[in-house]
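Colleague: Could you take a close look at one part of this model for me, namely how the chains meet? I'd like the numbers with their cut-offs, please.

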Number of protein chains: 4
Amino acid sequence: MFKVGIVGGTGYTGAELLRILAPHPEVEIAVITSRGEAGVPVAELFPHLRGHVDLCFTAPDPEILADCDLVFFATPNGTAMKLVPELLARGTRVIDLAADFRIKDIAEWERWYGMSHACPELVAEAVYGLPEVNRDQIREARLVANPGCYPTAVTLGLLPLLEAGVVDPSWLIADGKSGVSGAGRKAKVGQLMAEVGESFKAYAAGGHRHGPEITQNLNGVAAAPVNLTFVPHLVPMVRGIEATLYARELEPGRDLEAIYARRYASEPFVDLMPAGSHPETRTVRGSNLCRIAVTRQGASGVVVVQSVIDNLVKGAAGQAVQNMNLMLGLDEALGLGALALLP
Amino acid sequence: MFKVGIVGGTGYTGAELLRILAPHPEVEIAVITSRGEAGVPVAELFPHLRGHVDLCFTAPDPEILADCDLVFFATPNGTAMKLVPELLARGTRVIDLAADFRIKDIAEWERWYGMSHACPELVAEAVYGLPEVNRDQIREARLVANPGCYPTAVTLGLLPLLEAGVVDPSWLIADGKSGVSGAGRKAKVGQLMAEVGESFKAYAAGGHRHGPEITQNLNGVAAAPVNLTFVPHLVPMVRGIEATLYARELEPGRDLEAIYARRYASEPFVDLMPAGSHPETRTVRGSNLCRIAVTRQGASGVVVVQSVIDNLVKGAAGQAVQNMNLMLGLDEALGLGALALLP
Amino acid sequence: MFKVGIVGGTGYTGAELLRILAPHPEVEIAVITSRGEAGVPVAELFPHLRGHVDLCFTAPDPEILADCDLVFFATPNGTAMKLVPELLARGTRVIDLAADFRIKDIAEWERWYGMSHACPELVAEAVYGLPEVNRDQIREARLVANPGCYPTAVTLGLLPLLEAGVVDPSWLIADGKSGVSGAGRKAKVGQLMAEVGESFKAYAAGGHRHGPEITQNLNGVAAAPVNLTFVPHLVPMVRGIEATLYARELEPGRDLEAIYARRYASEPFVDLMPAGSHPETRTVRGSNLCRIAVTRQGASGVVVVQSVIDNLVKGAAGQAVQNMNLMLGLDEALGLGALALLP
Amino acid sequence: MFKVGIVGGTGYTGAELLRILAPHPEVEIAVITSRGEAGVPVAELFPHLRGHVDLCFTAPDPEILADCDLVFFATPNGTAMKLVPELLARGTRVIDLAADFRIKDIAEWERWYGMSHACPELVAEAVYGLPEVNRDQIREARLVANPGCYPTAVTLGLLPLLEAGVVDPSWLIADGKSGVSGAGRKAKVGQLMAEVGESFKAYAAGGHRHGPEITQNLNGVAAAPVNLTFVPHLVPMVRGIEATLYARELEPGRDLEAIYARRYASEPFVDLMPAGSHPETRTVRGSNLCRIAVTRQGASGVVVVQSVIDNLVKGAAGQAVQNMNLMLGLDEALGLGALALLP
């Protein structure tokens, strides 16, 4: 049994890590920290874990954390970068579910996240934890930057088109929609159900932090610089992300479905849906899958891709456990076999 | 008092016509028809109308309808075209809330709607009932084709850009999202709450009937042929449409907000939101307004427009009453002053 | 035109007062206060009021408020009691939408609300603003205590049974369910959509503040002391209250529907539904109506009453305007004629 | 590996059986039938099962079914009773998830279900499949009548009180609330999201089929005849049942929590929550647990019990698998260990 720790366990990604890790056959949750809730049983905050998680939250203690084989950071942006260097120095491996190590261009990161980076030297070392792209590097990594939720859905949706060179990288549109759990478990008027229930809106239409993260991912495979317009939207539901992606074909007539089928043939967590499908977020609720459909609209010359994930699973905690499995030399899919909950 | 009739009153657009017309100071609802519910009090099907609408549904009777000054068709596609010729011949004016008279190209209409048109000669005469475009023709019209819900939101959102010639008509994207009332009040497994609640999906990604309607609208003002990709989505809420629209700027640097402000300066039902706004569908719930915001994303060269309406009001019954007011020589906004219901 | 003021305008009851009062033909909103938002245009916080309310929030100023004919307090519990004495002294009449003046027993009030009462002498004078019970006293009142949302639904539901003496007052059950807007517009983790969406629960099962308020109302008409068990529940929707009420019949066989019909025959805002009905909250959404149905379950000897209101309208702002109309000598229903928004 | 069959697999209970049984380590799904969808891959109707269930629906064939060790009926009421006699005769054991074998009094069953019973002799033999009551008989049963969803939540909630004799059986109230999946996957106007979203209502207030089923359960343990008033309500969410139960104490002062703790001490799927808890339906979403809290309201003499389940799991398919495990001599909890999905 490997020993793992979770720093910052009172948010939804922390709770979701516990839900997935509690029955995991090869790891033991040694510690879960929270400054604000130290001493409180986890199951008091999260009654769905009653009987499965007997831990109490504790104040973060570097000794105890360093004793773990691997530590997850489920903290707000800017927290992990302060604690990770010491943990790595002591030989503990780290997966950060926040954004601290996702963007390689430090200046750009600082612009979007509004703070100075505490350990820029580790950003270069950190491996971006999208197994469909970086599987081998993840296995060896000391530090994994777990991807953002939108970036996971959008990158997996556009990747095959850009790798195959069949669309124009200079005019990509990603229209993202997310359930409200993506905004986290913090008290904010704008996230009250009375504010966001029975309503729909875009947000950050002028630019969102996940834009540069997606662009970085796509630039890694595109033949020319990517120009992506990304607009996120808030859906009156709890879980799920859907991204509808628009790209201009360079050579009409290519067999798009075959391109996707080939790219994801051996991926355990990408499901290419049949032609004509409309993936629904509920078909991945609680599961680690990304379901994708690709189509065209008549002779418009535009490829339309739909990509759905559960923002808390493949978009956060599930992908983190997938990365953990790789890092620990386990079966990549271990503990991630749950079927989606539908309806 | 003008006498009006409603053909097909058991759907949501019929019910919404009743809600708006019942307190209207210048019209009297003379008749409301339904084959299936003939004899049943309207307030039995729609308890929210108890005390305000005392009518029973009746079987459609051309005599009684012809006695009206104006008749609304809130029927399924393909019904109005069979009954309208006789009504017009007898001097009754008509507003069709379905799609029978919206598309000028008969062949295209027949392809999308899967039937032969019963009175193609009237299609040419019919006026497309978007007051912001055709106000004067609507006043004089015998027959008005009330716009579709998505076409209203998308057309009003893109119109100023195309009229001003500031974006490329050959690469327009409209990502539309609608509440479930847009699918109507028919028993369908796919519209059960257990199927569409807590989930999000695109539909008709390969092409939707409202695509050619929008394209026709935009071609009317664009300098070159419009190439529009339109993908609709289903939102787990009851009312509201949001459309996020993407267009490529031809001449960066134009004052887009000023273009919209000028275009809609005297429009009673278009509200240009301040820069940086994100219009929410709830801010137009129950009202006849279309709220629009226009922005850019950095230097991407892409204009992002957000447009929201209540699909049953500005997207159907409210716009129909706006057209009725124009046709009857009344104040265009009469009976349409209700503020949105928020939260 | 009467001049009215609103103290504490940033919550949902304040916003709803504005929505109803803005088009009211006999009053002018002279001032709306908020310490936190002073200087901010109302329409910035509440975009649905754009074009209808041009005021900015101002810091509360006794001079300006005293200049009003009537002032509404839409403040948290405990605020009105500190400001009302001065306003009354200067001749301004007051409607308090919070709980400060609802409960006559000061000790009981202080126990439930956890503070000392600042002006117990005014509690005796205050008239409980349920027009169906206290219409004449409301007309003459200087100070009206606007009822709570649950108390409105439950009291109107049980009143006819207790007045007619047909049920046992010592064993009454009120199972209440409310949409989330009842919890107000304050940032609280427990009211995030990610916490309360797609879930249902009771709260305050050990006792809720509205219990003693309801009991006080019913004791006013019951032949013997009332013993009421009241459990509220949170429904994953924004607006609406439903209360299902259970009472034991003392004399089986009475015509219950006739008792209700007689009691509410001339009430403009109580709608007795036909036998067998199941009132839905959506049939009163945005309207000032309370819809009630009364039935029995076989020979159980138990009367089952269903009562629905919109918690923000008949349960708060609408009832306050109804009270205002009475106090100002206007038609009781003025400005309250809006039909419910369904679907 | 045991072979199991499912008759009627196109509804939600059928789909949920598949979700639970597909990864079950000791059974193999041999056949799943549907007349309407014969030949269609299961994963086409239920995309969340893609990759986990490779079967196609087949027309019901007695040969194939009789070849199974155990057959589940997930059919409408009235179907199982026609097919079960032959299966039993051929040695196949049966769990009926519908109501055909739940009520021992045939006349009462026929009154509530509106049909003649096809095999009344089997009703006497059938074991009511509530393991917390009939565990030993279930192990030996040929035919198990799987309980209704409301009856499961209400019976588990009231059982300890009646067994201990601490409440008056002649005055019990059960106020039940269910998500919309309880109404099944049939096209009905009344279950459209546009009809039931953002609204709340009671239904069957005059009497519901689950009333006599609950009464039968409670009469089995009560000291005197039970008089229960049960009113179900529809909640605008997909999954979950909450029942709030009211009973009059016969001897105030008993330690209610201890009574529940003792009764359910060794039950794997009943979780007694701490005093003051308010069980939320989301804490059991997707899990087979029933969570219960018991409290009093001051000195009212009324016990208030809250009981929550997932209507499709402990209220249907999960409980059926629990029964199957017992019948097949397996660990009762096998395949039922999934944690609830929260948020």
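What follows is a walk through the contacts between chains.

Modeller: Sure, ground rules up front. This is a predicted model, where local features need pLDDT of at least 70, side-chain atom pairs count only at pLDDT 80 or more, and totals for chains, interfaces and linings use all residues. Residues are numbered from 1 along each chain as its sequence is written, chains are lettered from A and ligands numbered from 1 in the order in which they are written, and side-chain values use heavy atoms, with hydrogens and water left out.

Let's start with chains D and C. Here 48 residues of chain D are in contact with 48 residues of chain C (contact means heavy atoms within 4.5 Å). Together they bury about 4000 Å², with carbon and sulfur atoms giving 53% of that; buried area is the accessible area (1.4 Å probe) that two parts lose on being put together, summed over both.

On the charged side, the count between chain D and chain C is four salt bridges, a salt bridge being a side-chain nitrogen of Lys or Arg within 4 Å of a carboxyl oxygen of Asp or Glu. D:Glu195 and C:Arg282 pair up this way, at 2.7 Å from N to O. There are also 32 residue pairs in polar contact between chain D and chain C, both residues at pLDDT 80 or more. A polar contact is a pair of N or O atoms within 3.5 Å; within protein, one must be able to donate a hydrogen and the other to accept it, and residues adjacent in sequence count only if both atoms are side-chain atoms.

As for which elements take part, those that each supply at least two residues of chain D's side include helix H9 (193-196), strand E7 (172-178) and strand E10 (241-248). Helices (H or I, at least four residues) and strands (E, at least two) are DSSP runs, numbered from the N terminus. By class, that side of chain D has 22 nonpolar, 14 polar and twelve charged residues. For the classes, Ala, Val, Leu, Ile, Met, Phe, Trp, Tyr, Cys and Pro count as nonpolar, Asp, Glu, Lys and Arg as charged, and the others, Gly among them, as polar.

Now the symmetry. A turn of 180° with a shift of 0.0 Å along the axis lays chain D on chain C at an RMSD of 0.0 Å, so the two copies are related as by a two-fold rotation axis. Superposition is by least squares on the C-alpha atoms of residues with pLDDT of at least 70 in both copies. And 100% of the interface residues of chain D are also interface residues in chain C, so the copies meet through the same surface.

Then there's the contact of chains B and D, with 19 residues from chain B and 19 residues from chain D. The area buried there is about 1600 Å², and carbon and sulfur atoms give 73% of it. On chain B's side, B:Leu192, B:Met193 and B:Ala194 lose the most area to chain D, together 40% of what that side buries.

The rule finds two salt bridges across chains B and D, and B:Glu195 meets D:Arg185 in a salt bridge at 3.5 Å, N to O. Four residue pairs are in polar contact between these chains, both residues at pLDDT 80 or more. Helix H9 (residues 193-196) of chain B gives the largest share of the side touching chain D, four residues. That side divides into eleven nonpolar, four polar and four charged residues.
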